[in-house]
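Trainee: Hey, got a minute to walk me through this one? I've just opened it and could use a guide.
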Amino acid sequence: MASTALQDRVGGDMIPLDGVDPQEWYFANGYTDGLPAVPPTPEKVEAMVEALGGDGDFLEARVPPRWGNLTRRVLAVNAVMAGCLPLYAPVLRAAMRAMCEPHFNLNAIQATTHVIAPLVVVNGPVRKEIGMNAGHGAFAPGNRANATIGRAIRLMLLNVGGALPGVLDKSTQGTPAKYSYCVAENEEDSPWAPYHVEKGYRMQDSTVFAIGAESNHNINSPLPNDPEGILDDVISSMTTVVHNNARASGHCTVALSPEHAQAIAKHGWTRHDVRCYLQMYATNKFGRIVHNHKYGKAYNRHLPRWYRRDLDSDIPIVPSPDNIHLFVIGGTAGRFSSFIPGWGHYNSPVLRSIDGAVPNGGPVCIDGTCFL
């Protein structure tokens, strides 16, 4: 094999590989997610650095738990390894900076025994500009932008953050969401204003939303045509007691399919109405959460202090409608939606613009209805 030079995925230094298969070298040194990687040649890396604004030594963030330096060159190397195009670079940077905000608590997400992974949802014109899939199979393989942005995030969490399974990542079983977990909202088929617009951004702004999340839990609801019927099926998924929201409150995500969302909206319900209904009626009895004290009397300090701990007390899955992050995602055929549990109160989601725009420059949203 001819002499080859690659750039290191952590520091960006040049590594000569004389007569060595680059793929086998990366596998042998634990530099990938277990899948083949695109060799980060200097030309590809420099193109990615330029897409980030140049200056490869510029520090974008530090990634826990190893607190490695995420310079633009290091970000570029991992993006190339994942198969990203330079066009994706601004989305990838915004996602990493969102996850490295202190209140996101990435340090704990990286090291927990739970099956949590950062979920990224993209809104705004950038979805179409880079060719993201928000429709059929949005969470599935087959779309380069969704797959490689999500994979690049994971490579940086591994290579820069050091969250190697069994080393710093202590997840008992792990989750396939740790390979790639990036999707876009289907704004075109949604009956409501896009998520980022409801939060005060303009339609022409592009944003990334990041939250600690389990894999999506399917909701098969083919029969109901009314809001209560559809949402009661969503509640059925939300009110199991073995995910973290049931026992530790916090934030969660609901991804309604366009068919479900449109059926609900036909009755005049807003996104805010949906979140309020889910928060009010998605509850469990405290006794169910603590197994009726069969294994010893439990107080459960992870729940909010103001919740009553009587066995017959109703315990909401989340403390407020604002803790339910509602998106419209998926294709226009099929009444399947998803409940995506969060990590309890240990993680706070982050919504961040891609181009530096700030909220409150867009429409005013009252009760979930936006007025331009």
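**Pockets, cavities and contacts**

Mentor: Sure, let's start with the largest pocket: 17 residues line it, and F139, A140, P141, S180 and Y181 are the ones nearest its centre. Keep in mind that this is a predicted model.

Trainee: Okay, how much space lies in the largest pocket?

Mentor: About 330 Å³.

Trainee: And which element gives the most to the lining of that largest pocket?

Mentor: Helix 7 does, with three residues. By class, the lining of the largest pocket splits into eleven nonpolar, four polar and two charged residues.

Trainee: What about closed spaces? How many cavities of 30 Å³ or more does the structure hold?

Mentor: Two. The largest cavity has about 60 Å³ of space, and the second largest has about 30 Å³.

Trainee: Which residues line the largest cavity?

Mentor: Going along the chain, you'll find P118, V120, G150, I153, R154, L157, A177, K178, S180, Y181 and C182. Strand 5 (117-123) and helix 7 (144-159) are the elements that give two or more residues to that lining. Helix 7 gives the most here, with four residues.

Trainee: How does the lining of the largest cavity divide by class?

Mentor: Seven residues are nonpolar, two are polar and two are charged.

Trainee: Now the second largest cavity. What lines that one?

Mentor: Its lining is made of Y195, E198, K199, R275, I324, H325 and L326. Helix 8 (195-198) and strand 12 (324-328) are the elements that each give two or more residues to it.

Trainee: Which of the elements gives the most to the second largest cavity?

Mentor: Strand 12, with three residues. By class, the lining of the second largest cavity has three nonpolar, one polar and three charged residues.

Trainee: Switching topic: salt bridges. How many does the structure hold?

Mentor: There are 16. One to look up is R151 with D33, where the closest N and O atoms are 2.7 Å apart.

Trainee: Where do R151 and D33 lie?

Mentor: R151 is in helix 7, while D33 is in the loop between helix 1 (22-28) and helix 2 (42-51), so the salt bridge ties together parts that are 118 residues apart in sequence.

Trainee: Cool. Next, helix packing: at what angle do helix 9 and helix 11 pack?

Mentor: Helix 9 (residues 227-238) and helix 11 (residues 258-265) pack at about 140°, and their axes are 8 Å apart.

Trainee: Why is helix 9 called oblique to helix 11?

Mentor: It comes from that angle of about 140°. Angles over 145 degrees would count as roughly antiparallel, so helix 9 ends up oblique to helix 11.

Trainee: Which residues make the contact between helix 9 and helix 11?

Mentor: From helix 9 you have P227, I230 and L231, and from helix 11 you have H260, A263 and I264. By class, five of the residues in this contact are nonpolar, one is polar and none is charged.

Trainee: Last topic, the backbone. What kind of peptide bond joins P64 and P65?

Mentor: A cis one, with omega at about 5°. P65 sits in the loop between strand 3 (59-63) and strand 4 (68-71). For context, most peptide bonds are trans.

Trainee: And D55, what's its phi?

Mentor: Its phi is positive, about 55°, although D55 is not a glycine. Most residues other than glycine have a negative phi.

Trainee: Where do I find D55?

Mentor: Look in the loop between helix 2 and strand 3.

Methods
Residues numbered from 1 in each chain as written. Predicted model: local features only at pLDDT ≥ 70, side-chain atom pairs only at ≥ 80, totals over all residues. Heavy atoms only, no water. 1 Å grid on protein atoms, 1.4 Å probe; cavity = no way out; pocket = protein on both sides within 12 Å on 5 of 7 lines; lining within 4 Å. Points joined across faces, edges and corners; volume = space filled by probe spheres on them. Nonpolar A, V, L, I, M, F, W, Y, C, P; charged D, E, K, R; others polar. Axes fitted to C-alpha atoms, helices over the stretch in contact; angles between N-to-C directions. Parallel < 35°, antiparallel > 145°, perpendicular 65-115°, else oblique. Contact = heavy atoms within 4.5 Å. Salt bridge = Lys/Arg side-chain N within 4 Å of Asp/Glu carboxyl O.
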